[in-house]
Amino acid sequence: MVVKEDGHMVTARQEPRLVLVSITLENNYLTLEAPGMDQMVLPIKLPSSNKIHDCRLFGLDIKGRDCGDEVAQWFTNYLKTQPYRLVQFDTSMKGRTTKKLYPSEGYLQNYEVAYPDCSPIHLISEASLADLNTRLKKKVKMEYFRPNIMVSGCEAFEEDTWDELLIGDVEMKKVLSCPRCILTTVDPDTGIIDRKEPLETLKSYRLCDPSVKSLYQTSPLFGMYFSVERVGTLRVGDPVYRMVD
């Protein structure tokens, strides 16, 4: 997670050009690339002597181990607005709990999450994107919405109805729909924020049912959040099974 020097999170909502940073993982090293920047190679395993920061993520406290001065300077030089640091979550740290994320929604299952908005899995079907694109003058790519699982072969918004899934040997359970924000208006190819589309079109037909307005407010819904119930391995091309009683 990129943070300011005071530990507050920074995302492409504040720094749209963060969407142009690409990351690859190989042999326990991360390679970061961005326009106009030399590659930055970072080991996954950080020295235990690296400082642990108190961070703030959507108003909640969370820890992060500093990734070092070199990568901090890399992000600072790239964004050119203020000093930034990069922090890493490790397994000894405590994640944000469902109770803290959604204090009024006692029915949600209990789990912890580190730096993602509210769950580790974000899933969208290609059919849902195709449906949205029939309504837009300028078509958008899936990268505007940043899911980590993309499903094909189903109907548009069918994923809204999936409660439990099995992909590979990973079992997942639905948490809630993904409420969309201004980050969907950042062009993933240019890093320019437009603040209008596709968010405005989504608002025209994907607002929540009034019964759950306390949870989603005026945010349109696009994609689903899942928690991991059984850890395992999944791969591109795996069939997606809906689990039923």
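**Pockets, sheets and odd phi values**

Modeller: The second largest pocket holds about 400 Å³ of space. This is a predicted model, where local features need pLDDT of at least 70 and side-chain atom pairs count only at pLDDT 80 or more, while totals for chains, interfaces and linings use all residues. Residues are numbered from 1 along each chain as its sequence is written, and side-chain values use heavy atoms, leaving out hydrogens and water.

Biologist: Why is this called a pocket, and what does its volume stand for?

Modeller: On a 1 Å grid over the protein atoms alone, a pocket is an open set of points with protein on both sides within 12 Å along at least five of seven lines, whereas a cavity is a set where a 1.4 Å probe fits but cannot get out. Points are joined across faces, edges and corners, and the volume is the space filled by probe spheres set on them. That space is about 400 Å³ for the second largest pocket.

Biologist: What makes a residue part of the lining, and which ones lie nearest the centre?

Modeller: A lining residue has an atom within 4 Å of a point. The second largest pocket has 21 of them, with Ile149, Met150, Val151, Asp238 and Val240 nearest its centre. Two or more lining residues come from each of strand 11 (149-151), strand 12 (164-167) and strand 15 (240-242). Those strand names come from DSSP runs numbered from the N terminus: E over at least two residues for strands, H or I over at least four for helices.

Biologist: How many of the lining residues are nonpolar, and what makes them so?

Modeller: The lining has 13 nonpolar, four polar and four charged residues. Ala, Val, Leu, Ile, Met, Phe, Trp, Tyr, Cys and Pro count as nonpolar, Asp, Glu, Lys and Arg as charged, and the others, Gly among them, as polar. Ile149, Met150, Val151 and Val240 therefore count as nonpolar and Asp238 as charged.

Biologist: What makes strand 11 and strand 15 edge strands?

Modeller: Each of them pairs on one side only. They belong to an open sheet of six strands, ordered 11-10-14-13-12-15, with mixed pairing. On average, neighbouring strands there are turned by 35° against each other, direction ignored.

Biologist: How do you know that strand 10 and strand 14 pair?

Modeller: Pairing takes at least two bridges found by DSSP. Strand 10 (residues 121-125) and strand 14 (residues 221-230) have three and run antiparallel, so they pair. Ile121 stands opposite Phe226 in strand 14. Helix 3 (residues 126-133) lies across strand 10, strand 11 and strand 14, at about 60° to strand 10. That angle is taken between N-to-C directions, from 0 to 180 degrees, with axes fitted to C-alpha atoms, for helices over the stretch in contact.

Biologist: And what covers the buried residues of helix 3?

Modeller: The cover includes strand 10, helix 4 (199-205) and strand 14. Underneath are Ser128, Leu129, Asp131, Leu132 and Asn133, the buried residues of helix 3.

Biologist: Why is His53 called buried?

Modeller: Buried means under 20% relative accessible area, exposed over 50%, and partly exposed in between (1.4 Å probe, protein chains only). His53 is at 15%, so it counts as buried. It lies in strand 5 (residues 52-57). Leaving aside neighbours within four places in sequence, His53 is in contact (heavy atoms within 4.5 Å) with Ile62, Lys63, Gly64, Asp66 and Val87.

Biologist: Is Gln217 buried, exposed or partly exposed, and why?

Modeller: Gln217 is at 48% relative accessibility, so it counts as partly exposed. Gln217 sits in the loop between helix 5 (213-216) and strand 14.

Biologist: What makes the phi of Gln217 stand out?

Modeller: Most residues other than glycine have a negative phi, and most peptide bonds are trans. Gln217 has a positive phi of about 55° although it is not a glycine. Arg195 has a positive phi too, near 70°, and lies in the loop between strand 13 (170-179) and helix 4. Pro198 lies in that loop as well, and a cis peptide bond with omega of about 10° joins Glu197 to Pro198.

Biologist: How do you know that strand 2 and strand 3 pair?

Modeller: Strand 2 (residues 22-26) and strand 3 (29-33) have five bridges, in the antiparallel sense. Glu26 has Tyr29 as its bridge partner, and Thr24 stands opposite Thr31. Two residues lie between the strands of this hairpin, where Asn27 takes a positive phi near 50°.
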